[in-house]
Amino acid sequence: MPSDPLPDWVLTRRRQIGDQVRAVRTQRKLTQEKLGELTGLDRKTINRLEQGTHGTNSDHLLLIAAALDTPLSELVK
């Protein structure tokens, strides 16, 4: 984890990815709780990712993409 604050563009992209995850999740009519069950992640982790308040790792994004039956590229476009 970098000790300096992250550049603004990283925080902006993090929020954009979270917005896209939320959009696909709601399109699939899933709650954060249900997505958590499908991925093995807890609801707080899903919420933090969607809000863009915390960074995530690629494993979490891969699990989410699989659970949403969506290509990873769709979530990070």
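At what angle do the axes of helix α1 and α3 cross, and within what distance do they come? In this predicted model, the two axes come within 6 Å and cross at roughly 120°. Here α1 covers residues 8-27. With angles of 65 to 115 degrees counted as roughly perpendicular, the pair falls into another class: α1 is oblique to α3.

Now look at who does the touching. On the α1 side you'll find Arg 14, Arg 15, Gly 18, Asp 19, Val 21, Arg 22 and Arg 25, and across from them in α3 sit Leu 49, Glu 50 and Gln 51. Sort the residues of this contact by character and you get six charged, two polar and two nonpolar.

Follow the chain out of α3 (43-51) and you run into Gly 52, in the loop that leads to α4 (58-67). Is this glycine buried or exposed? Its relative accessible area is 9%, and since anything under 20% counts as buried, Gly 52 is buried. Leaving out residues up to four places away in sequence, Gly 52 touches Arg 14 and Arg 15, and both of those arginines also belong to the α1 side of the contact with α3. For a sense of scale, take Thr 26: Gly 52 is 26 residues from it in sequence, and their C-alpha atoms are 17 Å apart in space.

Next stop is helix α2, residues 32-39, where Gln 32 is found. This glutamine is buried too, with a relative accessible area of 13%. What does the side chain of Gln 32 pair up with? A polar contact of 3.4 Å joins it to the side chain of Asn 47. Setting aside neighbours within four places in sequence, Gln 32 is in contact with Arg 25, Arg 43, Ile 46, Asn 47 and Glu 50. Two of those names should ring a bell: Arg 25 and Glu 50 also take part in the contact of α1 with α3.

Finally, turn to how α2 meets α4. Their axes are 9 Å apart, and the helices pack at an angle of about 105°, so α2 and α4 are roughly perpendicular to each other. Leu 35, Leu 38 and Thr 39 come from α2, and they meet Leu 63, Ile 64 and Ala 67 from α4. What's the mix of residue types in this contact of α2 with α4? It divides into five nonpolar, one polar and no charged, whereas the contact of α1 with α3 has six charged residues.

Definitions and conventions:
Residues numbered from 1 in each chain as written. Predicted model: local features only at pLDDT ≥ 70, side-chain atom pairs only at ≥ 80, totals over all residues. Heavy atoms only, no water. Helix = DSSP H or I, 4+ residues; strand = E, 2+ residues; numbered from the N terminus. Buried < 20%, exposed > 50% of the residue type's maximum accessible area, 1.4 Å probe, protein only. Contact = heavy atoms within 4.5 Å. Axes fitted to C-alpha atoms, helices over the stretch in contact; angles between N-to-C directions. Parallel < 35°, antiparallel > 145°, perpendicular 65-115°, else oblique. Nonpolar A, V, L, I, M, F, W, Y, C, P; charged D, E, K, R; others polar. Polar contact = N/O pair within 3.5 Å; in protein donor to acceptor, adjacent residues only side chain to side chain.
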